[in-house]
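Got your viewer open? Let's take a walk through this model, one selection at a time.

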Amino acid sequence: MTRHLTRSLILLAIALATLACAKKGAPAATSTAASPLPADVQGVAGAVTATDPAPSAAVQAASETGGAIVATGEFMSPVRSELSAKLPGRVGKLYVDEGSRVRTGEPLLELETDYVKLNLQKAEADAQRAAAAEEDAQRDLERKKELIAKQSIPQATFDRTQAAYDQAHAAKASMLAQASIYRQQLADSVLRSPIDGVIGEKRTNVGQRLGENAVALVVVQISPLKLRFRVPEKYLAQVHRGQIVKATADPYPGEVFEGKVTTVGGVIDPATRSFFVETEFANRDGRLRPGLFARVEMEPR
């Protein structure tokens, strides 16, 4: 009995030892199913783990949509004139304000000219007196010419008469020149627009004194307008001068403005791998203004 019990205990110990070794050597089970994520982060996880990322946009929103090149740009004025009066003086009249539309040659501002007008009146009176003196000297000279021809007067007398006429003629010319200077000052006191456009800035007011080279007004051209944007380098051979472009602007929903390519940049920007395109829009009605953003579409060819 004792021997049988001892044998049973030995067999039980061997079985327990075998079972322990089997558990120790077996590899740990690994679950292949991931635990579900909360619903509010499943979209973010999908975007992060996507293997096909969206293509990056080109510089200034230039991209390709349905075969067309789409970009955004800002309208610019081709001409911007900072106007200053030719002469220093006090502003007497101001005919425009910011935003006013103007034509070439239209008066914009006038300086006070009271003293210039008085000086002109004096110069004109002096010129009239000089003209009368010249006429007297000329008549005297004509008489002396007849007398010298008859040898009735000495040569010295004739020479003095000739000199008196020359002086009278020079005095008249001087007075006329002085009057012309004052007339030019009157003309220069009026500041006129050199172009058709709008008043972009008004930097003076009535009664303010303008010094030399002081900018009083800024006029910008609005017809035509330029629009510049950048295009990816792969379209370099497909963009040409004269190509038609279409633009839309937020202030005019549903309206399409048509322009054309005027300049194609010949240098590729190494940072953006793109080149610039400059277009021109006639803008005859003047509704488009410098600084306005627009969305441009053009067909590569």
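How many bridges pair strand β2 with β11, and in which sense do they pair? Select residues 68-76 to light up β2, then add β11: the two pair in the antiparallel sense, over three bridges. One thing to keep in mind as you click around is that this is a predicted model.

**Stop 1: strand β11 and its partners**

Stay with β11, which covers residues 225-232. Zoom in on Lys226 and you'll find Met76 standing opposite it. Now add residues 274-281, which make up strand β14. β14 also pairs with β11 in the antiparallel sense, here over eight bridges. To see one spot along that pairing, pick Val231 in β11 and look across to Phe275 in β14.

Is β11 mostly enclosed or mostly open to the outside? Turn on the surface and check: six of the eight residues in β11 are buried, so the strand is largely enclosed by the rest of the structure. Here, "buried" means a relative accessible area under 20%.

**Stop 2: an open sheet**

Next, select four strands together: β7, β6, β4 and β9. They form an open sheet in exactly that order, with antiparallel pairing. Which strands stand at the edges? Those are β7 (190-192) and β9 (209-210). Each has a single partner strand, so one side of each is left without a neighbour in the sheet.

Now look at β4, residues 89-94, beside β9. These two run antiparallel and are joined by two bridges. Click on Gly89 and find its bridge partner in β9, which is Leu210.

**Stop 3: two helices side by side**

Hide the strands and select residues 114-149 for helix α3 and residues 155-188 for helix α4. When two helices pack together, people describe them by the angle between their axes and the distance between the axes. For α3 and α4, the axes come within 7 Å and cross at roughly 160 degrees. Angles over 145 degrees count as roughly antiparallel, and α3 and α4 are therefore roughly antiparallel to each other. The crossing of α3 past α4 is left-handed.

What sort of residues make up this contact? Colour them by type and you get 20 nonpolar, nine polar and nine charged.

Before you leave the helices, show the side chains of Arg183 and Glu124. They form a salt bridge, with the closest N and O atoms 3.1 Å apart. This pair links distant parts of the chain: Arg183 sits in α4 and Glu124 in α3, 59 residues apart. Are they buried or partly exposed? Arg183 is partly exposed at 40% relative accessible area, and Glu124 is partly exposed too, at 30%.

**Stop 4: more salt bridges**

By the rule used here, the model has 22 salt bridges. Let's visit a couple more.

Select Glu201 and Arg203, whose side chains meet at 2.9 Å, N to O. Glu201 counts as partly exposed at 26% relative accessibility, and so does Arg203 at 37%. Then add Arg80 and Glu82 to the picture: together with Glu201 and Arg203, they are linked in a network of salt bridges.

For a last stop, jump to Glu297 and Arg295. Their closest N and O atoms are 2.9 Å apart, making another salt bridge. Glu297 is partly exposed, with a relative accessible area of 35%, and Arg295 is partly exposed at 38%.

Note on methods
Residues are numbered from 1 along each chain as its sequence is written. This is a predicted model: local features need pLDDT of at least 70, side-chain atom pairs count only at pLDDT 80 or more; totals for chains, interfaces and linings use all residues. Side-chain values use heavy atoms; hydrogens and water are left out. A salt bridge is a side-chain nitrogen of Lys or Arg within 4 Å of a carboxyl oxygen of Asp or Glu. Buried means under 20% relative accessible area, exposed over 50%, partly exposed in between (1.4 Å probe, protein chains only). Axes are lines fitted to C-alpha atoms, for helices over the stretch in contact, and angles run from 0 to 180 degrees between N-to-C directions. Angles under 35 degrees count as roughly parallel, over 145 as roughly antiparallel, 65 to 115 as roughly perpendicular and the rest as oblique. A crossing is left-handed if the near helix is turned anticlockwise from the far one by less than a right angle, and right-handed if clockwise. Ala, Val, Leu, Ile, Met, Phe, Trp, Tyr, Cys and Pro count as nonpolar, Asp, Glu, Lys and Arg as charged, and the others, Gly among them, as polar. Two strands pair if DSSP finds at least two bridges between them.
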